[in-house]
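Subject: Structure handover

Hello,

Here is the structure I promised to pass on. Please open it first, then read my notes below.

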Amino acid sequence: MLNGGLPAGRPYIVTGPPGSGKSILGTHFLLEGMRNGEACMLVALDEPPSEIKTNMATFGWNLDALTTVDATPDIKSHKKKNVIDVGTALDVRGMDQVTDVRKSMQLRTQEVTIHSVQKMIKQSARDLRERVAGGHFSRILIDSMTALKRFSLKSEDARILVQSFLRFLSELEVTTLIVSNPLTPERLDSEFLLSRGEILTHKWIDGNAVRRAISIEWMRGTAFDERVRPMTIGRNGITVFPSTRKVGGETGQAEAALLRGVVALNRKRFEEAVRHLITAKTRLTEEMRLHDVARRAGGKDA
Ligand SMILES: Nc1ncnc2c1ncn2[C@@H]1O[C@H](COP(=O)(O)OP(=O)(O)OP(=O)(O)O)[C@@H](O)[C@H]1O
Ligand SMILES: [Mg+2]
């Protein structure tokens, strides 16, 4: 899809509806890095590392070499207060050390803010450099920016904090995947403006089956394939299929254009939405015509 992969050392956004595969995709990205012997880091804000570890083990993925920053809300304070915004805490550990849900008493903890997460990443990068000469993190997954902002922001400094966080990540020269779902679709969050590309994961219901797909919305500094690719989450994790299906088969081009239209509509980019929807209609008409031709030819043979 990405001729030659993501240009390294830059931040990218992964966005899509719940359950569309953002976290699994991001973890896959880390796993690839670890398989190449790269140092990788997970900043976990949505799901505790212990759960991620267990879930990913079902795909046969071993994440022990991963450095994790656990910034998930503390279960206890969560229960007591019934809110997530305060009482959250951070700690850094190797995934091999992760066993159960962290208790905040176990470690010196810090409140989760963009600033403290940034400090933790900086500190871990320094620790790694001291441990291994020339050691540096080459991949980071932040899952998710939406949660990080929910924990840490009280309105108007948001933009500046996010901007400086993204600048910090670019300066570290680490390839970062930032999972983000804008809370208000009509407003473009700063991380979208400052990243170097955007990967979309799609999920929709087709009859009684859940279907998934992946596409690249835009990407700076590299050629990329604009098609929407069918994707499945199976026993071995994510599989992306190289091409759209044949007429009368699986995801047609019409469906792909329709998906893009829906994405544009959600973002209130109306002109673009209309363009995609017109494409969808044209393709659909063409697919139906071909289908009809094929059916008639089939009928003659019988
Ligand atoms: N072992 C597995 N085998 C098959 N499918 C799985 C497996 N584990 C998870 N899934 C599917 O993957 C989906 C979750 O993917 P993922 O957690 O990456 O979504 P997400 O986009 O990060 O969602 P959210 O926005 O809620 O964080 C689930 O809906 C589930 O159907
Ligand atoms: Mg997720």
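Start with helix H5. Its buried residues are Met145, Thr146, Ala147, Leu148, Lys149, Phe151 and Ser152. That makes 7 of the 8 residues in H5 (residues 145–152), so the helix is mostly covered. What does the covering? The cover over the buried residues of H5 includes helix H4 (114–131), strand S5 (137–143), helix H6 (158–172), S6 and helix H7 (190–194).

One residue of H5 is worth a closer look. Ala147 sits in this helix. It counts as buried because it has 24 C-beta neighbours inside 10 Å, and the cut-off for buried is 20 or more. Setting aside residues up to four places away in sequence, Ala147 touches Leu45 and Asp46. Thr72 is 75 residues from Ala147 in sequence, yet the two C-alpha atoms are 9.0 Å apart in space.

Now the overall picture. Please keep in mind that this is a predicted model. The chain has 302 residues, and 36% of them are buried. Its secondary structure comes to 9 helices and 10 strands. Take the contacts in the chain with a separation of 6 or more: 67% of them join residues 24 or more positions apart.

How far can you trust it? The mean pLDDT of the chain is 81, with 80% of the residues at 70 or more. Among the elements, strand S6 (residues 175–179) has the highest mean pLDDT, 96, and helix H3 (residues 75–81) the lowest, 40. The pLDDT stays below 50 over residues 75–88, a stretch with 15 contacts in the model beyond near neighbours in sequence. Residues 104–108 are also below 50, and that stretch has 4 such contacts. Where pLDDT is low, the predicted coordinates should not be read in detail.

Next, the core. The largest nonpolar core holds 59 residues. Which residues have the most contacts inside it? They are Val43 and Val117. Val43 is in contact with Val117 itself. Its other contacts, leaving aside neighbours within four places in sequence, are Val69, Ala71, Ile140, Leu141, Ile142 and Asp143.

Leu42 deserves a stop as well. This residue lies in strand S2 (residues 39–44). Is Leu42 buried or exposed? It counts as buried, because 24 C-beta neighbours fall inside 10 Å. Beyond four places in sequence, Leu42 touches Leu30, Pro49, Leu66, Thr68 and Leu141. Asp70 is 28 residues from Leu42 along the chain, and their C-alpha atoms are separated by 8.3 Å.

Then there is a run of antiparallel strands. Follow them in order:

- Strand S7 (residues 197–206) and strand S8 (residues 209–219) run antiparallel, joined by 10 bridges. Ile199 stands opposite Ile216 in S8. The hairpin of S7 and S8 has 2 residues between the strands, and Gly207 there takes a positive phi near 65°.
- S8 also pairs with S9, again in the antiparallel sense, over 3 bridges. Here Ala213 has Pro230 in S9 as its bridge partner.
- S9 goes on to strand S10 (residues 237–240), antiparallel, with 4 bridges. Ile233 stands opposite Ile238 in S10. S9 and S10 form a hairpin with 2 residues between them.

While you look at these strands, remember a general point. In a regular strand the side chains alternate between the two faces of the sheet.

Last, the ligand. Which residues come nearest to ligand 1? Of the 15 around it, they are Pro18, Gly19, Lys22, Ser23 and Ile24. Two elements give two or more residues to this shell: helix H1 (22–35) and strand S9 (229–234). H1 supplies the largest share, 3 residues. By class, the shell around ligand 1 has 9 polar, 4 nonpolar and 2 charged residues. Strand S9 therefore appears twice in these notes: it gives residues to the ligand shell, and it pairs with S8 and S10.

Best wishes

Terms used. Residues numbered from 1 in each chain as written. Chains lettered and ligands numbered in written order. Buried ≥ 20, exposed ≤ 12 C-beta atoms within 10 Å, placed from the backbone. Contact = placed C-beta atoms within 7 Å. pLDDT = per-residue confidence, 0-100. Near = placed C-beta within 6 Å. Nonpolar A, V, L, I, M, F, W, Y, C, P; charged D, E, K, R; others polar. Core = buried A, V, L, I, M, F, W, Y, C linked by C-beta atoms within 7 Å. Pairing = 2+ DSSP bridges.
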